[in-house]
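Take a look at the chain below. Follow the strands with your eye before you read on.

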Amino acid sequence: MALGKAPPPCTQPPEPDMARLPKLAVFDLDYTLWPFWVDTHVDPPFHRSRDGTVRDSRSRTVRLYPDVPEVLGRLQGLGVPVAAASRTGEIEGANQLLELFDLVRYFVHREIYPGSKVTHFKRLQQKTGVPFSQMIFFDDEKRNIVDVSKLGVTCVHVQNGMNLQTLTQGLETFAKAQVGP
């Protein structure tokens, strides 16, 4: 560094290279966006109480993992469309929670029904035209990661719920996968 030149100021980490961002980010729901199985651990239908909390039919409070709104907002800010892929049998309850948590505005597509995640991804690919290689997937279940990665999707195993660190690591992994030989 030349004498008399000040070092660059400390700033926020740089935004990811737009050319290396996924064209679609896909999230599982149970134990990825919220800390329960919607078809087992809570009791639909859900509602918003007077104090603004989301509750199940037994009036138990239902929550998201804390970073989830910020994670989805960050992707929206980066221009990355978001989709859901869930194998739950509680389709209505899962969709109801997305509405009550005000997350539905982030999702361009929702594939929520029992069956293979591979089916969910094939339908997402048909609906969006996005190649599997341009998708990133966040899920807590290793079997889903294994199955979907065979399609060529960059998969991120979520442990202890979705958070900003997992998002950043996932986007870095995706970017590195885009670097050709």
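This report goes from the whole chain to its strands and then to a pocket.

**The whole chain**

Keep in mind that this is a predicted model. The chain has 5 helices and 8 strands. Starting at the N terminus, the elements follow the order β-β-β-β-α-β-α-β-α-β-α-β-α. The chain counts 181 residues, and 43% of them are buried. Contacts between residues at least 6 apart in sequence tell us about the fold: 65% of them join residues at least 24 apart.

**A small open sheet**

Strands of a sheet pair through backbone hydrogen bonds, in a parallel or an antiparallel way. Here, an open sheet of 3 strands has the order S2-S3-S4, and its pairing is antiparallel. Why do S2 and S4 each have one side without a neighbour in the sheet? S2 (47–48) and S4 (61–62) stand at the edges, each with a single partner strand, so one side of each is left free of a neighbour in the sheet. S2 is joined to S3 by 2 bridges. Arginine 48 stands opposite valine 54 in S3.

**Strand S5 and its partners**

Now turn to S5, residues 82–86. Is this strand enclosed or open? 5 of its 5 residues are buried, so S5 is largely enclosed by the rest of the structure. In a regular strand the side chains alternate between the two faces of the sheet. Both faces of S5 are covered. Val82, Ala84 and Ser86 are buried on one side, and Ala83 and Ala85 are buried on the other.

S5 pairs with S1 and with S6. The table sets these pairings beside that of S2 and S3.

| Strand pair | Direction | Bridges |
|---|---|---|
| S2 (residues 47–48) and S3 (residues 54–55) | antiparallel | 2 bridges |
| S1 (residues 24–27) and S5 (residues 82–86) | parallel | 3 bridges |
| S5 (residues 82–86) and S6 (residues 107–112) | parallel | 5 bridges |

Alanine 84 takes part in both pairings of S5. It is the bridge partner of phenylalanine 27, and it stands opposite arginine 110 in S6. Between S5 and S6 the chain passes through helix H2 (residues 91–100), and this β-α-β crossover is right-handed.

**The second largest pocket**

Rolling a probe the size of a water molecule over the atoms shows where empty space is left. The second largest pocket holds about 160 Å³ of space. Which residues lie closest to its centre? They are Asp30, Trp37, Arg87, Thr88 and Glu141, out of 13 that line the pocket. By class, the lining has 7 charged, 5 polar and 1 nonpolar residues.

Notes. Residues numbered from 1 in each chain as written. Predicted model: local features only at pLDDT ≥ 70, side-chain atom pairs only at ≥ 80, totals over all residues. Heavy atoms only, no water. Pairing = 2+ DSSP bridges. Helix = DSSP H or I, 4+ residues; strand = E, 2+ residues; numbered from the N terminus. Buried < 20%, exposed > 50% of the residue type's maximum accessible area, 1.4 Å probe, protein only. Right-handed = clockwise from strand over helix to strand, strands pointing away. 1 Å grid on protein atoms, 1.4 Å probe; cavity = no way out; pocket = protein on both sides within 12 Å on 5 of 7 lines; lining within 4 Å. Points joined across faces, edges and corners; volume = space filled by probe spheres on them. Nonpolar A, V, L, I, M, F, W, Y, C, P; charged D, E, K, R; others polar. Contact = heavy atoms within 4.5 Å.
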